[in-house]
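Morning, everyone. I have one structure to go through today, so please look at it on the screen while I talk.

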Amino acid sequence: MNNKAYKVAVFPYDYESFPIIKYRNELEKFEVVKIFSLKGWGGVGKGALEIGKDDSKDELIVQDIFDDLKTDQFDTLWLVESEHTLEDSFLFECIEKMVENKIKLFISRKLTKDQLMRIKEICKKEKVHTLLTEEEDEYFADGDEQIYNLYTPVISIAGIGQKANKMELQLEVYSRLKQDGYQVCWIASRKEAVLFGGETFPQFMIESSLSEKDKILKYNHYLKLLEQERKPDVFLIGIPGGIMPITKRHVGNFGIYAYEIFNAVTPDFTIVSLYYSSFKKEYLEELEKLMKYKFSVEVDCFNVSNIEQDAFSMGSILPIEYVLWENKELKDKIEEIEAGEFPLFNRMTYESMYQYMIEQLNGYDELKEIY
């Protein structure tokens, strides 16, 4: 029996939100019944998972939000992140149309203060409730300037850069661990994790008022508190951003989040996700050294995503553009890769990656196989 509290329509849908739709059955309170986009974005009329070049069949079809909208089939509009730019005029027109029909709003999209204020005004006028994922963090640091040891195994997932399948990987691992009966404490790289039972990336980690030292200490003390209170079988930690700048023109966040988190905690198993490309074992050797000497982290395996950075855009001052590849093309590309002895996985071999991870973690009494 379906006991989820909200029937939800997702908007504006494109590849940025693909992972949360692929794993939507893991959502704790949301049942996704509609997916909306805009015609100019190229997804309207396609299957929901087709957007991510995924071979899985899906009964949900992406619809244009302004085409013959029937709001009797859902009670909440989930406003999500998107790769495409959503003009304010479309945003506000859509929200006005929703609240006129008494549809609640749930917002996980990053908005400006002006946008958020305008949305709250629209909702207040129609007496419609607005829910936000962002909340003020409690202060977790206890004033003791030390790094506490964690006695719970820690799995970390990092990416060479942005858009390297990190969220998909986190949801895949999280889902499998839960299915096998493990109590998982997931601190994610994206705030949508709270809807799956995880924890969002702590707000204090992006505050400019805290020094890097304080952020490292606070993140460590935060994990220690979670360990003491929840007694999980395993921690799953997603690292926001990339581990290094892509080019001098596209610096990302210089791998700062990775530096802070890996100073706060030493993972027991680390996956690094790579872009779709041809490379040899020398490339993996250099990445292994970078992780070891920059972050003091041992890489346990690599994942090759189905996302490629457009080489021409990398030489421009404009944002990097990305290309999505079909699973068959990903398989062909991986067959070209000379990885040597490095464990190398992809979205078609997640099962093997998971089994490999469990085998590597079998030394922990707290993480016993449940088969």
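Let us begin with the sheet. This is a predicted model, and in it six strands form an open sheet in the order E8-E9-E7-E10-E11-E14, paired in parallel. Strand E8, residues 184–187, and strand E14, residues 344–346, are at the edges; each has a single partner strand, so one side of each has no neighbour in the sheet. From one strand to the next, the twist averages 20°.

For the first-years, a general point: strands of a sheet pair through backbone hydrogen bonds, and the pairing is either parallel or antiparallel.

Take one pair from this sheet. Strand E7, residues 154–159, and strand E9, residues 234–238, are joined in the parallel sense by four bridges. Which residue of E9 is the bridge partner of Val154? That partner is Phe235. As for what lies on the sheet, helix H7, residues 281–295, packs there and touches strand E10 (269–274) and strand E11 (301–304). The direction of H7 makes about 130° with that of E10.

Now two helices. In general, a packed pair is described by the angle between the axes and the distance between them. Here the pair is H4, residues 166–179, and H10, residues 350–360: their axes come within 11 Å and cross at roughly 65°. The crossing of H4 and H10 is right-handed. On the H4 side, the contact involves Glu168, Leu169, Glu172, Val173, Arg176 and Leu177. H10 contributes Tyr350, Glu351, Met353, Tyr354, Met357 and Ile358.

Stay on H4 for one more residue, Gln170, which is found in that helix. Is Gln170 buried or exposed? Its relative accessibility is 0%, so Gln170 counts as buried; the cut-off for buried is under 20%. Leaving aside residues up to four places away in sequence, Gln170 touches Ile157, Trp186, Ala188, Ser189, Leu236 and Gly238.

Last, the whole chain. The protein chain has 10 helices and 14 strands. A compact globule of 371 residues would have a radius of gyration near 21 Å, and the protein chain has 21 Å, so the two agree. Its C-alpha atoms fill a box of roughly 55 × 50 × 50 Å along the principal axes. Of the 371 residues, 51% are buried. The accessible surface is about 18,300 Å², and 48% of that belongs to carbon and sulfur atoms. Among contacts between residues at least 6 apart in sequence, 76% join residues at least 24 apart.

Notes: Residues numbered from 1 in each chain as written. Predicted model: local features only at pLDDT ≥ 70, side-chain atom pairs only at ≥ 80, totals over all residues. Heavy atoms only, no water. Pairing = 2+ DSSP bridges. Helix = DSSP H or I, 4+ residues; strand = E, 2+ residues; numbered from the N terminus. Axes fitted to C-alpha atoms, helices over the stretch in contact; angles between N-to-C directions. Contact = heavy atoms within 4.5 Å. Rg over C-alpha atoms; globule rule 2.2 N^0.38 Å. Buried < 20%, exposed > 50% of the residue type's maximum accessible area, 1.4 Å probe, protein only. Areas by Shrake-Rupley, 256 points an atom, 1.4 Å probe, with all protein chains shown as cover. Left-handed = near helix turned anticlockwise from the far one by under 90°.
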